[in-house]
Amino acid sequence: MPFNVLQNELNERAALGLLRQRRTLQSPQSPHILVDGKPYLSFCSNDYLGLANHPQLIAAMQQGAAQYGAGAGAAHLVSGHTQAHHELEIALAAFAGKPAALLFSTGYMANLGIVQALVGKGDTVFADKLNHASLNDAMQLARADIKRYRHGDMLQLNQLLAQTQKGRKLVITDAVFSMDGDIAPLPELLALCEQHDAWLLVDDAHGFGVLGEQGRGSLAHFGIATPRIIYMATLGKAAGVFGAFVAAEQAVIDTLINHAHSYIYTTATPPALASAVLESLALIAQGHELRAHLQGLIAQLRGGLRGLPWPLMPSATAIQPLLIGDNQAALDLSAALRERGIWVAAIRPPTVPQGTARLRITLSSAHSAADVTRLIGALHELAQG
Ligand SMILES: *Cc1c(COP(=O)(O)O)cnc(C)c1O
């Protein structure tokens, strides 16, 4: 058989508890999902504000489809760039407090495009070791020199920046680390970038919509506004739809339009998605109560999980990982919860470092306090064996 070698590799992965498999949802994304005909209480979406199934977004998408059709039919630079995309970019720039913004199809593609367009051979990218896979792939694609610093280690970053004399310098970081939930020290990162004349790319996939005044994200959270930062966020997490954007100085945006391959050589997203995101922005800006409720749930969970044999990792965000360590133990705990009708994903290497397999609990404004109480109860029961 031609693919025996692949099957053998897959079998080896399975033996290590590392095989990845999908489950099929038969319901919209929400805390209460249907999988294989069974209802589950879910703590594993990134739908932090519970907007993915919001009636206003569904209506906006229907309206956008009625006006612009199902597909964009071409790349942005050919004839796929519609008024819906255009209006959304203006709104996103204003919301992010930047002169201009550019839509990408996905966050993964945005990161590939930004890094590849801004740096190349002879330049250097500085990256936190726990950055998202898309940022890691982006720096490989860009062919710049790569210097990775220990998670949050500003002393090491300072040294690495100081050692680099020639070429452009670009520091790239998750704002909220996707598998840990902690927030990057953006004021310190910015100070180092200013000191060493480096650019700073902030990936706010998990902060946009959730952190800062009106949900404007991590920069607002820290009260940072500077042309030196290239701000990127995704629209498929708290915003509840799909896609991503970059907000930055006009010269950065124009450079991306001219040089980012993942922008240029791909079909524009359906305009109806842009219509839905525009509606989502309004809900995010008005979403004080959603964010306050989410903060309450985070406090409730952290308080309720004290005293378990597995520590909660230090996090003030909706991402609340429970550190298990062993791959199989994490899978077993996830399976035991599932038997109790609760869905929490086990995250294993290489997504996280070896020996740090975890249950990545994520909370959403759509959860009730009773939902969180049920999870806390189940974990305490399982801890007692
Ligand atoms: C999810 C995520 C991305 C990718 O965004 P998509 O729109 O899902 O492709 C990029 N960066 C981080 C930190 C993420 O968590």
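In this predicted model, the largest pocket has a lining of 43 residues, and those nearest its centre are Arg20, Ala345, Ala346, Ile347 and Arg348. Three elements each put two or more residues into that lining: α6 (133-142), α14 (327-339) and β12 (345-347). Helix α14 is the top contributor here, giving six residues. As for volume, the largest pocket comes in at about 1,300 Å³. Its lining is a mixed bag chemically, with 20 nonpolar, 13 polar and ten charged residues.

The ligand turns up elsewhere: the space it takes is the second largest pocket. Around the ligand there are 14 residues, and Gly107, Tyr108, Asp203, His206 and Lys237 come nearest. Helix α5, running over residues 107-118, gives the most to this shell, with three residues. Sorted by type, the shell around the ligand holds nine polar residues, three charged ones and just two that are nonpolar.

Oxygen atoms of the ligand feature in several polar contacts. With His206, a polar side-chain atom sits 2.5 Å from a ligand oxygen. Lys237 also uses its side chain, placing a polar atom 2.7 Å from an oxygen of the ligand. Gly107, by contrast, brings in its backbone, with a polar atom there lying 2.7 Å from a ligand oxygen. On its own, the ligand has 380 Å² of accessible area, and the protein covers 82% of it.

Key
Residues are numbered from 1 along each chain as its sequence is written. This is a predicted model: local features need pLDDT of at least 70, side-chain atom pairs count only at pLDDT 80 or more; totals for chains, interfaces and linings use all residues. Side-chain values use heavy atoms; hydrogens and water are left out. A residue is near a molecule or strand if one of its heavy atoms lies within 4 Å of it. A polar contact is a pair of N or O atoms within 3.5 Å; within protein, one must be able to donate a hydrogen and the other to accept it, and residues adjacent in sequence count only if both atoms are side-chain atoms. Accessible areas come from the Shrake-Rupley method with a 1.4 Å probe; for residues, only the protein chains shown count as cover. On a 1 Å grid over the protein atoms alone, a cavity is a set of points where a 1.4 Å probe fits but cannot get out, and a pocket is an open set with protein on both sides within 12 Å along at least five of seven lines; lining residues have an atom within 4 Å of a point. A molecule sits in a cavity or pocket if more than half of its atoms lie within 2 Å of its grid points. Helices (H or I, at least four residues) and strands (E, at least two) are DSSP runs, numbered from the N terminus. Ala, Val, Leu, Ile, Met, Phe, Trp, Tyr, Cys and Pro count as nonpolar, Asp, Glu, Lys and Arg as charged, and the others, Gly among them, as polar. Grid points are joined across faces, edges and corners, and a volume is the space filled by probe spheres set on the points.
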